[in-house]
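Me: I'd like a close look at one part of this protein, please. Could you take me through some of its aromatic rings?

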Amino acid sequence: METDKLTYQQLMAENEELRFRLEEANDTIEAIRHGQIDALIVKNGDEHQLYTLKTADQTYRVFIEKMNEGAVTLNHDGTILYSNSRFATMVNEPLEKVIGLKFSVFVPEVSHGKFNELINDGWKNDCKGEMLLTSRDFKLTPCLVSCTTLDLDEGTALSLILTDLTVQKETEWELKVKNDQLEDAQEAAERLNNQLEDTVRIRTADLLISREHFKLLANNIPQMTWTNLPGGEVDFYNQRWFDYTGRRYGETAGWGWQQVVHPDDLQKTLDAYITSLQTGKIFELENRYRRWDNTYRWHLNRAVPLRDDTGEIIFWVGTATDIEEQKKQLDLKDEFIGIASHELKTPLTSLKGYLQLMGVYKREEVPQQIKQYVEKASGALNKLQRLVNDLLDVSKIQAGRLEYMLSEVNLVKLVNSSIENAAHMYHDFEFANTTQGEIYIEGNAERLEQVIMNFINNSVKYSTDNKKIIIKAEVVNDVARVSVTDFGIGLSAEQIDRIFERFYRVEDKKFMASGLGMGLYISAEIISNHNGKIGVESELGKGATFYFEMPVLKK
C-alpha cells in the first residue's frame with residue numbers, strides 16, 4: 001500500500017514538471033516569434049550547444065540608412081520617433097532636429113487633407129498616396145508615401161517611406177508636352193479631312209477649332225498666361241511665358257514657376273496662391289518675375305477659376321501683366337503731385353489771407369451780396385486747400401517721409417474737438433457723441449484728428465437722407481477704439497475690400513460724390529504708422545461704421 005502511494009506522488013510530480021516545461025516551451029516560442037530572444041543554449045548529451053538567432057535588425061537599419069527614400073517612424077500623435085538621413089535631407093533640416101518634431105510641420109497646407117487621410121488609413125491598413133512635402137526654405141517636393149504599422153516594445157508605431165517624385169513629375173510633364181504636340185498635329189490633319197465631310201463632321205471640327213482658338217489667343221496676347229489644375233499644378237503656359245523667362249516647359253511646369261519669382265515676393269505669392277486654391281476666390285497679386293537676362297520686372301497676376309455645372313472648379317486661367325512701366329510712371333506722377341502741391345500751397349495761403357481780410361473789412365459798408373460771394377469763395381478755397389494737403393500727404397507717404405512726433409493724447413478730448421469742428425462745418429447734420437470716461441493713447445494728435453475728420457467727412461458725403469452720425473470712443477480688451485457710424489448708402493463686399501486703396505472712390509449709379517479718393521488711404525497710412533488697426537463694417541444700403549484701434553496707454 002505504501003508503494004502505491006509513493007507511485008501516485010511521483011506521477012503527480014512528473015505531471016507538474018511536464019506542465020512547467022510545456023509552459024516554458026510555449027513562452028520561449030512566443031518570445032522567438034516576437035524577436036525578444038537573440039540566442040538559445042540547448043543541452044546535447046553531456047554538453048551545451050549555443051544557437052544564435054540571426055535577426056534582420058542590423059541589416060535592416062543599414063539598408064534604411066543607405067536607401068534613396070526617406071524613412072520615418074511616427075507614434076500615434078504624429079511625433080517622429082525615428083528618421084533616416086535621406087528624409088532629413090529632403091526637408092533640409094539636421095537629422096538631430098527632425099527627431100521629436102511633429103511630422104505635420106513638413107506638410108504644406110494644400111496637402112493637409114491628403115496627409116490626414118493617409119495617416120488615418122495607414123493605422124488601419126497598409127496604404128500608399130501622393131502628397132507634397134515642404135522644407136524650411138519653402139521648397140515643395142512631390143512624394144509617394146507608403147504607410148505600414150510596426151509592433152515595437154513601446155507599442156505600435158507607423159512607418160512612412162517617402163519617395164521623391166520630382167524627376168518623375170518632370171518627366172511626366174515632358175511626356176505630356178510631346179503628347180500635346182502629337183495631338184495638335186493629329187487635330188490639324190483631322191481638320192483638313194473634315195473640310196470634305198458633311199455638316200455633322202464640320203460641326204465636330206468647330207469644337208476642335210475653338211480649342212485651338214484659345215491657344216492662338218493665349219499665344220498672341222502681350223500678357224504671360226497659364227492654366228493650373230485645382231490642386232495648383234500649372235499644366236499650360238503661353239509662348240510669351242517661355243519668351244520672357246527663357247525656360248523650358250519642364251523647368252517651370254507644376255510648381256516650378258517658383259524658380260522665377262523674386263525671393264522677396266515668393267512667400268507672399270505662395271500664401272495668396274494657396275489661399276485662392278483653398279477658397280476659390282480670385283487670385284490677384286503684384287510680384288516680380290525674373291526675365292531671361294536675370295533682371296526682375298513687376299507684374300500684376302490675376303487668375304480666375306472655371307467651374308462646371310455643379311460649381312466644382314475644373315481649372316484656373318491666369319495672366320501676368322507687365323506693369324514695370326506703370327510703376328515707374330506712378331513714381332513720376334507722385335513726384336509731380338508733390339512738386340505741384342507744394343507750389344500751390346503758397347498762393348492758396350495768400351488767397352485765403354486776402355479773403356479773410358475782405359471778410360473783416362469795416363472801413364465802409366460792404367454789400368451783403370459781396371459778403372456772400374466772399375463766404376462762398378472761402379468755402380471753395382478751404383476745399384481746394386484740403387485737396388492740396390491730401391496730395392502733399394500722398395506724396396510724402398510714397399516717398400516714406402510721412403513722419404511726426406508721438407506724445408500722450410487724450411482721445412476723448414480729441415473726439416470732442418473733432419465733433420465741434422464737424423458741427424461747425426455741417427450745420428444740417430446731427431452728431432451724437434456716446435463717448436464716456438478718459439482714454440489715453442500714444443500718438444500724434446493732429447494726425448489722429450485728421451483721421452477722425454476724414455471718417456466724418458466720408459460719412460457726411462454719402463449720407464443724403466438720414467443725417468445722423470454717431471461718434472464713439474471706447475476701450476475693449478485694453479484697446480482703444482474710435483468709430484464713426486452713418487446710415488447712408490453703405491458698401492458692398494467688393495467695395496469694402498478696396499475702400500482704403502489710393503484714389504479709390506465709391507461709385508453709385510444713384511449717387512455721385514466729389515473728391516479724389518485719398519482721405520481714407522491717408523488715414524490707413526497714419527494708423528499703420530501708429531501700429532494700429534483700421535477697418536470698416538458695412539452692408540449695402542444700411543450705412544457704414546469706420547473705425548481705428550490702438551493700444552491704451554497705461555497710466
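Are Trp241 and Tyr289 buried or exposed?

Reply: Sure! A quick heads-up: this is a predicted model, where local features need pLDDT of at least 70 and side-chain atom pairs count only at pLDDT 80 or more, while totals for chains, interfaces and linings use all residues. Residues are numbered from 1 along each chain as its sequence is written, and side-chain values use heavy atoms, leaving out hydrogens and water.

Searching the whole structure turns up 18 aromatic pairs (rings of Phe, Tyr and Trp, taking the six-membered ring of Trp, pair if their centres lie within 6.5 Å; planes under 30 degrees apart count as stacked, over 60 as edge-to-face and the rest as tilted). One of them is Phe103 with Phe115, a stacked pair at 5.3 Å centre to centre, with 20° between the planes. Phe103 lies in the loop between α4 (95–98) and α5 (112–124) and Phe115 in helix α5, so this pair ties together parts twelve residues apart in sequence (helices are DSSP runs of H or I, at least four residues, and strands are runs of E, at least two, numbered from the N terminus). Phe103 is buried, with a relative accessible area of 1% (buried means under 20%, exposed over 50%, partly exposed in between, using a 1.4 Å probe and protein chains only). Phe115 is buried too, at 8%.

Now your two: Trp241 and Tyr289 pair edge-to-face, 5.8 Å centre to centre with 80° between the planes. Trp241 lies in helix α8 (residues 239–245) and Tyr289 in strand β10 (residues 283–290), so the pair links parts 48 residues apart in sequence. Both are buried. They also belong to one aromatic cluster, along with Trp173, Tyr237, Phe242 and Tyr249.
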